[in-house]
Amino acid sequence: WIELDHENPSCIKLARQLFTSRISTGENESSLLGLTNLLTLNLADIFGLDMQWIGLSTALNAALIASEYNCNISPHNFNGHLSTFMSASFSACIPNLGLLEYDFDDVPWRDEVFNNLPIIKNGKFHFPEQFIGWGTEPIINKLISHDI
């Protein structure tokens with residue numbers, strides 16, 4: 001698909017007319033009204049929701065509205081391991097997950113600063129057997145050692 005996040009819906013509409021690829025949009029929308037408008041105007045084949053930005057409640061509501069339009073969700077995920085765990089937890093709660101975005105390209109010490117790492121096997125995310133909260137948390141003294 002082509003990811004196209006633009007404030008002007010007419011630009012997204014033009015892209016739908018020019019390209020045969022599916023369009024993913026929605027990552028820069030932060031309100032249910034804005035997200036719903038993209039669906040009612042038939043501008044999204046795939047909804048890229050930024051759950052960490054808009055909040056869990058709004059993201060869950062947006063996913064349910066999108067399911068009424070037969071539109072899949074792809075949670076936006078660019079903030080490392082904690083974001084991956086949060087997106088995976090969100091994805092487990094919605095009926096219309098398309099795919100879980102995973103950002104594998106990051107600083108070389110990323111794995112050192114979390115107590116649990118994402119486990120992805122055969123394209124599936126696996127939660128740790130026993131976890132609390134989101135499933136991982138930062139190791140503060142490791143973050144401090146990297147001036148974060």
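This is a short walk through one structure, from its charged pairs to a helix, a group of rings and a single serine.

The model is a predicted one: local features need pLDDT of at least 70, side-chain atom pairs count only at pLDDT 80 or more, and totals for chains, interfaces and linings use all residues. Residues are numbered from 1 along each chain as its sequence is written, and side-chain values use heavy atoms, with hydrogens and water left out.

Let's begin with charge. Side chains of opposite charge can pair when their charged atoms come close. With a salt bridge defined as a side-chain nitrogen of Lys or Arg within 4 Å of a carboxyl oxygen of Asp or Glu, the structure holds 2 of them. One joins arginine 16 to aspartate 45, at 2.8 Å from N to O. Because arginine 16 sits in helix α1 (residues 9–18) and aspartate 45 in the loop between α2 (32–40) and β3 (46–47), this pair ties together parts that are 29 residues apart in sequence. Helices (H or I, at least four residues) and strands (E, at least two) are DSSP runs, numbered from the N terminus. For accessibility, buried means under 20% relative accessible area, exposed over 50%, and partly exposed in between, using a 1.4 Å probe and protein chains only. Arginine 16 is partly exposed at 25%, and aspartate 45 is partly exposed at 25%. The other bridge links arginine 110 with aspartate 106, whose closest N and O atoms are 3.8 Å apart. Here arginine 110 is buried, at 9%, while aspartate 106 is partly exposed, at 38%.

Next, follow helix α4 (residues 56–68). The expected span of a helix is 1.5 Å times one less than its number of residues; for the 13 residues of α4 that gives 18 Å, which agrees with the 19 Å between its end C-alpha atoms. Its buried residues are Ala59, Ala62, Ala63 and Ala66. Seen down the axis, these fall within an arc of 100°, so they line one face of the helix; the arc is that of the directions from the helix axis to the C-beta atoms. On the other side, Ser57 and Glu68 are exposed. The buried residues of α4 pack against α2, β3, α3 (51–54), β4 (72–73) and α5 (81–91), where contact means heavy atoms within 4.5 Å. After α4 comes asparagine 70, with a positive phi near 55°.

Now to the rings. Rings of Phe, Tyr and Trp (its six-membered ring) pair if their centres lie within 6.5 Å; planes under 30 degrees apart count as stacked, over 60 as edge-to-face and the rest as tilted. By this rule there are 3 aromatic pairs. Phenylalanine 85 and phenylalanine 125 make an edge-to-face pair, 5.3 Å centre to centre with 85° between the planes. Phenylalanine 85 belongs to helix α5 and phenylalanine 125 to strand β6 (residues 124–126), so the pair ties together parts that are 40 residues apart in sequence. Phenylalanine 125 and phenylalanine 127 have ring centres 4.9 Å apart and planes at 75°, so this pair is edge-to-face. Ring pairs thus link Phe85, Phe125 and Phe127 into a cluster. Phenylalanine 85 and phenylalanine 125 are buried, whereas phenylalanine 127 is partly exposed, at 28%.

Our last stop is serine 24, in strand β2 (residues 23–25). Serine 24 is buried, at 2% relative accessible area. Not counting residues up to four places away in sequence, serine 24 touches Trp1, Ile2, Glu3, Leu4, Ile46 and Gly48.
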